[in-house]
Structure formats: structure tokens, C-alpha cells
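This report follows one contact between two chains and then turns to the parts of the chain that lies on the far side of that contact. Please keep the sequence and the coordinates at hand while reading.

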Amino acid sequence: MRDKIREVVLDYVIKEYMEDQDEEITYDTALISGGFIDSFSMVSLKVFLETKYQIKLPDDKATPEAFDTVENITDLVIEFLDKK
Amino acid sequence: MHNIGSYDERAKNFSWDISEKELGYQPGDNINIGWYCTDRICDMGKAEKTALIWEGLGGKHKQYTYNDLRLLSNTIAGFLTSLGIVAEDRVCIFLDRIPELYIGFVGILKTGAIAQPLFSAFGEESLIVRLENAETKAIITQKKHLGKVRKIVDKLPYLKHIIVVDDPGKAPLQQLEIAFDMDNAERLEHYEVYPTKAESPSVLHYTSGTTGMPKGVKHVHYSLISQYLTAKWVLDLKENDIYWCTADPGWVTGTSYGIISPWALGVTQCVNDIGFSADAWYSFIEKHRISVWYSAPTAIRSLMKAGDEVIKKYDLSSLRHLASVGEPLNAEAVIWSDKVFGLKFHDSYWQTETGSIMISNYPGMPIKAGSMGKPFPGVVSAVVDPESYEEINDTGKIGLIAFRPGWPAMMRMYWNNEQVYKAKFNNGWYIPGDRAYIDPEGYFWFVGRDDDIINTGGHLVSPFEVESALLEHPAVAESAVVSKPDFVNMEVVKAFVCLKPGYEATPELNLEIMNFIRKKLSPLAMPQDIEYIPNLPKTRSGKIMRRMLKAQEWGEEIGDTSTLEDD
């Protein structure tokens with residue numbers, strides 16, 4: 001499950017936020033602190049995760065640190081899928 | 001001792017001559033900001049002093065002296081001249097915070113052309129309206145943003161050159177595109193700086209309006225007189241300071257206080273082109289021994305949210321003066337910074353149109369946490385009645401902030417929009433559109449905007465612009481856009497949407513609309529919340545009553561609804 005989630009998240013990030021960019025990103029690329037996704041756009045990524053996985057991510061969990069890499073995001077999604 | 005000395009003494013004996021004399025300027029002389037930021041500093045014997053320390057993604061680091069700045073800005077100016085750029089042409093800078101942005105800005109000014117910086121996160125719609133309005137002749141950009149420019153180039157008949165500063169030579173450049181590699185270009189020792197005068201246009205910044213498309217705020221080279229002295233007295237910049245202004249030069253703080261004033265003062269400044277994280281920011285301060293830090297409430301609140309523990313990992317003892325701008329700085333943030341840094345953030349107030357700091361808390365003056373502070377010496381400020389525009393003399397009574405025109409950095413015009421420019425003046429006052437009151441000791445206290453403009457993270461977003469863009473989405477019949485409260489950004493964009501028949505409000509549609517606006521306008525303009533309603537509240541004459549929706553979001557009284565349309 002983990003592999004599938006991180007693949008979906010990475011694909012979405014590339015499709016939605018990396019348009020026209022040459023940089024290659026991986027599961028460990030710093031998305032927020034690396035400047036690829038700004039804090040405003042992070043909100044749309046949160047909505048994507050909530051919609052895709054039918055979970056609710058509380059604001060205090062949806063921090064820039066929790067969204068900083070695809071790996072971190074995957075951890076967060078799995079944590080809330082387990083709570084469903 | 002602080003540069004300003006005693007605020008009260010300065011206020012009593014003020015004249016802009018102080019700044020003119022320090023800069024060696026006399027009325028009638030040539031005045032070119034590009035020359036003041038580079039050649040003059042070298043002439044003062046500081047050619048080898050570090051002007052810019054830059055850090056980018058992946059640990060990239062670059063450093064430039066004032067002599068580098070002089071030569072590289074000459075080189076850029078020479079390149080632009082070779083392309084046929086002449087005085088007063090508009091040259092847009094559409095770049096991330098890379099050295100070419102900062103040095104390119106100075107190079108443009110040296111040619112006598114007008115620098116038009118645009119925020120690099122802007123989407124194609126935001127870009128096109130600003131380039132169309134300015135009839136921009138050239139745009140300096142990078143590969144990363146070239147896709148957006150290519151999508152709109154056919155709609156811009158005035159655009160003659162697209163200068164790509166980081167073309168790796170992988171993909172062929174297309175129509176109008178030309179590569180320019182600043183760091184590796186042959187450096188131009190001599191460039192005849194264009195003899196601009198005080199009223200020659202210098203910078204065109206775009207700002208959001210309540211009811212129309214964005215307005216181009218025209219500034220002139222004489223603005224340097226205000227920017228230099230305000231940076232010296234408010235930011236207290238001194239010879240040995242290492243300065244960090246966190247603002248992006250797509251917005252006015254990033255040019256007035258992130259390029260012009262620190263370099264006109266010959267100060268070393270640092271620029272960080274990576275995203276936000278508390279660790280990255282504190283580490284940057286520690287590594288470069290930053291002493292003066294000019295930031296924004298949104299960033300400060302984000303640092304507060306990250307907690308106090310992270311601060312203990314870093315040696316931040318180099319910091320000696322902190323200032324803030326962009327939106328009101330809440331009292332809690334001032335108290336917090338005093339607790340964790342041993343220094344209070346000094347709030348300052350100004351806007352794109354004023355070009356320089358107008359009201360501020362000054363070094364050495366007692367800070368009242370949550371207050372905007374006092375007017376800059378020489379700036380005549382008041383709070384006026386919103387109907388009569390007469391000055392309110394009762395302390396504590398709320399009115400509109402007003403300034404008597406005449407300070408050097410005041411905008412000279414809205415580009416191609418004299419009518420809207422004139423409407424900003426009333427009874428001899430310039431009215432910025434904010435409400436405030438003055439306390440018995442002369443401190444100003446911010447109350448709120450007097451219009452529907454949304455201030456999100458220190459950036460102004462026009463509800464009209466977002467509503468117009470929303471209408472282009474196939475599912476949207478009509479919409480109303482208002483602000484809603486947010487801890488970090490003070491306000492964020494919320495959209496009330498009425499759907500066209502056949503469309504259903506679903507989470508997928510929510511996401512689609514958010515991404516549609518993010519790409520079309522910018523991430524700042526993207527609604528962070530969308531509420532679907534069957535009808536919008538309107539007056540009988542059909543005007544959307546945004547204030548009702550806004551009041552609902554802020555938990556305020558809805559007020560008079562007598563003009564509300566019947567169902």
C-alpha cells in the first residue's frame with residue numbers, strides 16, 4: 001500500500017506543481033522547504049489527499065514539515081487511513 | 001546609538017535635504033538609482049565589499065562584491081541596449097529570487113528603462129493583464145517560467161524580446177527568445193548610465209484594485225531620497241550590518257528595501273531562494289551572522305507556530321534589529337519575538353503606492369505592541385473622516401489613514417489610468433484605503449481595510465480578479481470572493497460559488513476549481529475554502545453584497561440589509 005500511495009502522490013505533485021520545470025523530484029525531495037510548493041499551494045495538495053483517500057487531515061497535522069517530502073506525506077496519509 | 005537618534009528631535013527639524021545631502025544630490029542633477037546602488041558605492045572606496053550573498057536550492061551559493069554589481073549591471077544594461085531597449089521602455093523581470101533578478105533590476109535602471117518586476121508564481125492570466133497594460137517590450141525570465149510566457153506571447157504585440165538567463169542549451173529557444181548568461185558574459189567595464197532626472201520613471205509595480213484590473217504604480221528615480229533615509233532610520237542599517245529582507249522583489253518591499261535602499265547605503269545583504277521552514281531560516285541567520293532582519297507577519301507567525309524549541313538549536317546572537325511589514329503585526333508576535341530573540345519586531349506601515357515606509361516603530365522609541373507606530377519624520381499623516389475627509393482630532397476615533405502628498409517616493413501615476421489615480425486623493429490628502437485611530441501619544445493603530453481587498457500573507461488580492469477568473473470555469477455561474485480569518489496569513493481567500501445547472505458540488509470539483517485559479521492567477525489568489533450556495537446576496541440593483549458574506553466569515557454583525565434583494 002505504501003508504495004502505491006507514494007507513487008500516486010509523486011505523480012500528482014509532478015503533474016500539478018512541476019509543470020514546465022526541468023528539475024527531477026524524488027520521494028525525498030524537499031517540496032516545501034525546497035521551494036517547489038509554496039504554503040498556499042499546500043492547501044490544494046491537502047484537499048487532493050483528503051479527496052483521494054477520503055480522510056480528514058486536521059490543520060495541526062498538515063504542517064509544512066509533514067508535507068515536506070512525498071515520504072512524509074505518505075506517512076501522514078497512512079496514519080489517517082489507519083484511523084478510519 | 002541608533003541612526004535616527006531622537007525621533008522627536010528628527011520630527012521637529014526634518015527636511016528631505018538631509019537625504020539629498022548624504023547622497024550628494026542637488027535639485028536638477030541627474031539621479032539614476034542604478035548608478036547610486038553600484039558605481040557610487042565603488043567610488044566611495046567599497047568596490048571590494050560584499051554586496052550580495054545568495055543561497056539557492058541544493059546548497060547553491062554565490063557571492064558578489066559591489067564591483068561585481070557595477071560590472072554585471074553594466075553588462076546587462078549593455079545587452080539590453082544592444083537589443084534596442086531605450087529609456088522608458090518597460091522591461092519585465094519574471095524570475096525567482098536569483099542573482100539575475102537583483103542585478104538585472106539595477107541594469108535595467110541604468111539604461112533609463114522602467115523595471116517591471118512580477119511575482120514568479122503568477123499564472124498566465126495574471127501575467128498577461130500586467131504585460132498588456134504596461135505594453136512591455138522585453139521580459140527577463142528563466143527556463144522554469146518560460147512555459148507560461150510561451151503560452152501568452154502571441155497575445156502581446158508589444159513584446160519584442162524574451163531573455164532567458166539560464167538556458168542550458170538543451171531545448172531550442174523559440175520566437176523572440178534569446179539566451180543571456182550573466183555570470184559568464186564578458187563584463188562591461190564602462191556603460192554610459194542614462195541621465196535620468198528626479199521625475200524620470202524607474203519602477204512599475206502592479207497592485208490589486210477593488211473593482212478593476214490590477215493597477216501599475218509608477219515610481220520615479222527621486223524615490224531613492226525616501227527609500228535611502230527610511231532604510232537608514234527605520235531599519236537602522238549601518239556600515240557593518242549583514243541585512244536580510246525576506247520579501248520577494250515581485251512586490252514593492254522586495255525592491256524598495258530588498259534592492260534599492262540596502263545597496264544605496266552600501267550594505268551587505270543576503271538573499272535566500274528556498275522555501276520556508278523554521279530550520280532553514282534560523283540556519284540562514286546563524287550561518288551569515290545576519291544582524292538586521294526585515295520580515296513579514298505571516299513569516300513571523302509561521303515561526304511562532306514552529307515552536308520555541310527549534311530556536312535553541314541555533315546561535316542567533318548576531319541579530320540586533322528586527323522589523324516587519326506587509327500586514328498588521330499582532331501584539332502576540334511582538335511579545336513572542338522579545339521572549340525568544342530578546343528583540344522586539346518593529347512594525348512598519350506603507351504600501352506599493354507610497355514607495356517607502358510611512359508609519360513605523362523606530363529604534364530607541366518605546367514600542368506599543370500591536371501599534372503601527374508613528375509617522376516618519378516629514379510625513380504629514382492623519383486620520384480623516386470617511387465622508388468629509390476632514391482631520392479627526394479626537395484620539396481613539398476611527399477614520400481613514402491619510403497622507404499629505406509630497407514625500408519623494410510617492411507614486412506619480414497609475415499606468416494609463418489617471419482617473420483612478422485622481423480618485424485616491426481627497427481634500428488634499430492621499431488616502432491609502434486603510435482604517436486606523438491615533439492614541440493620545442500619537443501612535444497609530446490599524447483597524448482594517450476600507451474596501452474589499454484581501455490581504456493574504458501581506459499580499460493584496462482583488463476579489464474582482466478572482467471572481468472574473470472563476471467565471472471562466474465551466475461549472476461556475478457566478479461567485480463572490482471575500483476574506484476569511486487565518487492564523488498564519490491573517491486572511492485567506494474564500495469563494496462563494498453558484499453552480500451552473502448540471503454541475504454538482506463535490507470534493508473533486510472543489511479541487512478542480514482551486515487548481516484552476518492557482519494556475520490561472522497565482523497560489524495567493526487560490527480560494528482556500530469554497531462554499532456552494534444557490535444564490536448570492538445582492539442589492540435590488542444587482543450588486544453582490546460581499547460585506548454580508550464577509551461578516552459571516554468573521555463572526556461580525558451583518559449590518560444594514562435594507563437594500564437586500566428579495567428572494
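Which residues in α2(A) meet which residues in α16(B)? In this predicted model, Ser41(A), Ser44(A), Val47(A), Phe48(A) and Thr51(A) are the residues of α2(A) that meet α16(B), and on the side of α16(B) they face Pro507(B), Glu508(B), Asn510(B), Leu511(B), Met514(B), Asn515(B) and Arg518(B). By class, the residues of this helix contact comprise 5 nonpolar, 5 polar and 2 charged.

The two helices, α2 (residues 39–53) of chain A and α16 (residues 507–520) of chain B, pack at an angle of about 160°, with 10 Å between their axes. Because angles over 145 degrees count as roughly antiparallel, α2(A) and α16(B) are described as roughly antiparallel to each other, and the crossing in which α2(A) passes α16(B) is left-handed.

Seen over the whole chain contact, 19 residues of chain A touch 24 residues of chain B, and α2(A) gives the largest share of the side of chain A, namely 8 residues.

Chain B itself is divided into domain 1 (7–437) and domain 2 (454–554), whose centres, taken over C-alpha atoms, are separated by 30 Å. The contact between these domains draws 24 residues from domain 1 of chain B and 19 residues from domain 2 of chain B. On the side of domain 1 that touches domain 2, the elements giving two or more residues are α7 (124–134) and α12 (297–306) of chain B, with α12(B) supplying the largest share, 5 residues.

The class make-up of two of these contact sides is set out below.

| Contact side | Nonpolar | Polar | Charged |
|---|---|---|---|
| Chain A, touching chain B | 6 residues | 8 residues | 5 residues |
| Domain 1 of chain B, touching domain 2 of chain B | 8 residues | 11 residues | 5 residues |

Chain B also holds an open sheet of 3 strands in the order β26-β27-β28, with mixed pairing. β26 (476–486) and β28 (529–532) of chain B stand at the edges with a single partner strand each, so one side of each has no neighbour in the sheet. Neighbouring strands of this sheet are turned against each other by 25° on average, direction ignored.

Within the sheet, β26(B) and β27 (residues 490–499) of chain B pair in the antiparallel sense over 10 bridges, and Pro485(B) has Glu491(B) in β27(B) as its bridge partner. Helix α15 (residues 463–470) of chain B packs on the sheet, where it touches β26 and β27 of chain B, and the direction of α15(B) makes about 140° with that of β26(B).

How values were computed:
Residues are numbered from 1 along each chain as its sequence is written. Chains are lettered from A and ligands numbered from 1 in the order in which they are written. This is a predicted model: local features need pLDDT of at least 70, side-chain atom pairs count only at pLDDT 80 or more; totals for chains, interfaces and linings use all residues. Domain bounds come from an automatic or database domain assignment. Two residues are in contact if their C-beta atoms, placed from the backbone, lie within 7 Å. Helices (H or I, at least four residues) and strands (E, at least two) are DSSP runs, numbered from the N terminus. Ala, Val, Leu, Ile, Met, Phe, Trp, Tyr, Cys and Pro count as nonpolar, Asp, Glu, Lys and Arg as charged, and the others, Gly among them, as polar. Axes are lines fitted to C-alpha atoms, for helices over the stretch in contact, and angles run from 0 to 180 degrees between N-to-C directions. Angles under 35 degrees count as roughly parallel, over 145 as roughly antiparallel, 65 to 115 as roughly perpendicular and the rest as oblique. A crossing is left-handed if the near helix is turned anticlockwise from the far one by less than a right angle, and right-handed if clockwise. Two strands pair if DSSP finds at least two bridges between them.
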